[in-house]
Amino acid sequence: MSTTAAPPPKKLNRIGLEVLNYKGSKTTLCAGCGHNSISERIVECFYELGVEPWRVAKLSGIGCSSKSPAYFLGESHGFNSVHGRMPSVATGTLLANRNLLALGVTGDGDTASIGIGQFMHLVRRNVPMIYVIEDNGVYGLTKGQFSATADVGSTLKSGAPNQLPPFDCCALALKWGATFVARSFSGDKKQLQTILKAAIAHKGLCVVDVISPCVTFNDHDGSTKSYSYVKDHEEALHELDFVPFFEDISVEIPEGGVTDVELHDGSHLRIRKLERDYNPTDRLAALAALEEAAVKGEVLTGLLYLNTSSPTFIELLNLVDEPLATLPQSRVRPPQAALDEVMDELR
Ligand SMILES: Cc1ncc(C[n+]2csc(CCOP(=O)(O)OP(=O)(O)O)c2C)c(N)n1
Ligand code: SF4
Ligand SMILES: [Mg+2]
């Protein structure tokens, strides 16, 4: 008689999938790279919220960060585009199939250097997607040159300082129309998880800039994107809790200094005040807070801005409810009679 114990039962989420269904291939990034922690958070969030992996489109550009979609959501759609060109591919993807949940994962070089033009148009259109910037201040994949998010005075491993002012991707997103803007740190597991879950529930463009240290080229003294610098200079705006739509909101309502915001899908985000009063629906105050933090050398993290009322690009275009990609020819092509009429007018 066999004495082998039965394997423990698999833990399934609300749609009956196990965490394995949300994983990807084994990472080939350096051990300790911040991007690996972000991949882990993505796996946890999509699993815990029970998002159907086959409804997700993963989009990226080129870079170590842009390689990372291979390491999560292996059952989702994926498109690894040209360097800095992911926003236009993402926009096209969503116009063709508005039912997809688009998750862009990109780098600071991909977004703020070569891709800045594409990023700005994605922002002004409020394309409804999650856009995660794995921000390490360098081009990790091409051996650690400064990117356009490197701070003035931050040094390379060789000691050479950066002299050019940085683009702050959150400030750009705030200024030009993103409706969910957050900054986090790859080492802050709980905050990043909550922000990603809220981003999944939001309708509109979510720009999530995650400081994600490059252990190989930018984790030394003198770098403002190293683990130790961010740990020492992180200023969290608030404490965040996320209550998904499928959980009972009436339980455990915390008291004092808490704002409760209902998100598009009926989930709730609970924002608990820390030292300062901060209203994440005040866009100008968010821009001012970023400016002040930059002057002090602080890394401000949390939900900087949330706007649940602006129309998305899909709504502005007044698209039909069904995905365009699934419409039959009879609904996407003018009938022969209409074409004949046009030809007659041209004769
Ligand atoms: C058109 C083009 N120009 C330059 C490159 C070289 N290149 C590859 S990745 C990269 C920068 C990646 O930096 P980032 O987006 O910050 O990603 P990281 O590797 O730091 O995660 C560059 C310049 C390229 N692949 N294509
Ligand atoms: S080079 Fe830097 S960014 Fe690229 S995988 Fe290694 S630690 Fe990460
Ligand atoms: Mg980078």
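Is Asn 318 buried or exposed in this predicted model? Asn 318 is exposed, with a relative accessible area of 66%. The legends below begin with the metal site and return to this residue at the end.

**View 1. Coordination of the magnesium ion (ligand 3).** Three residues supply the donors: Asp 108 through OD, Asn 136 through OD1 and Val 138 through its O atom. The coordination distances are 2.1 to 2.3 Å. Along the chain, the donors follow the spacing D-x27-N-x1-V. Asn 136 has a relative accessible area of 4% and is therefore buried, the limit being under 20%. Val 138, at 3%, is buried as well.

**View 2. Surroundings of ligand 2.** The shell includes four cysteines, Cys 30, Cys 33, Cys 64 and Cys 214. Leu 29, His 35, Gly 140, Val 215, Thr 216 and Phe 217 also belong to the shell. Asn 136 is another member of this shell, and its OD1 atom coordinates the magnesium ion (ligand 3). By class, seven residues around ligand 2 are nonpolar and four are polar, while none is charged.

**View 3. The open sheet β10-β12-β11 and helix α7.** Three strands, in the order β10-β12-β11, make up this sheet, with antiparallel pairing. β10 (238–243) and β11 (258–262) are the edge strands, each pairing on one side only. From one strand to the next the twist averages 20°. β10 is joined to β12 (residues 268–273) by six bridges. In one of these pairings, Glu 239 has Arg 272 of β12 as its bridge partner. Helix α7 (residues 189–201) packs on the sheet and touches β10 and β12. The direction of α7 makes about 50° with that of β10.

**View 4. Strand β13 and its partners β7 and β9.** Eight of the eight residues of β13 (residues 299–306) are buried, so the strand is largely enclosed by the rest of the structure. Strand β7 (residues 180–185) pairs with β13 in the antiparallel sense over four bridges. Within that pairing, Arg 183 has Gly 302 of β13 as its bridge partner. Strand β9 (residues 234–236) pairs with β13 in the parallel sense over three bridges. Here Glu 234 stands opposite Val 299 of β13.

**View 5. Packing of helices α3 and α5.** The axes of α3 (residues 86–96) and α5 are 8 Å apart and make an angle of about 35°. From α3, the contact uses Met 86, Pro 87, Ser 88 and Thr 91. From α5, Gln 118, Phe 119 and Leu 122 take part. The contact residues divide into four nonpolar and three polar, with no charged residue. Arg 124 also lies in α5 (residues 116–125). With a relative accessibility of 56%, Arg 124 counts as exposed. Its C-alpha atom is separated by 32 Å from that of Lys 231, and the two residues are 107 apart along the chain.

**View 6. Positive phi at Asn 126 and Asn 318.** Most residues other than glycine have a negative phi. Asn 126 has a positive phi, near 50°, and is placed in the loop between α5 and β4 (130–135). At 3% relative accessibility, Asn 126 counts as buried. Asn 318 also has a positive phi, near 60°. This residue lies in the loop between α10 (313–316) and α11 (329–332). Asn 318 is exposed because its relative accessible area of 66% is over 50%.

Key:
Residues numbered from 1 in each chain as written. Chains lettered and ligands numbered in written order. Predicted model: local features only at pLDDT ≥ 70, side-chain atom pairs only at ≥ 80, totals over all residues. Heavy atoms only, no water. Donors = N, O, S within 2.8 Å, 3.2 Å for Na, K, Ca; no water. Buried < 20%, exposed > 50% of the residue type's maximum accessible area, 1.4 Å probe, protein only. Near = heavy atom within 4 Å. Nonpolar A, V, L, I, M, F, W, Y, C, P; charged D, E, K, R; others polar. Pairing = 2+ DSSP bridges. Helix = DSSP H or I, 4+ residues; strand = E, 2+ residues; numbered from the N terminus. Axes fitted to C-alpha atoms, helices over the stretch in contact; angles between N-to-C directions. Contact = heavy atoms within 4.5 Å.
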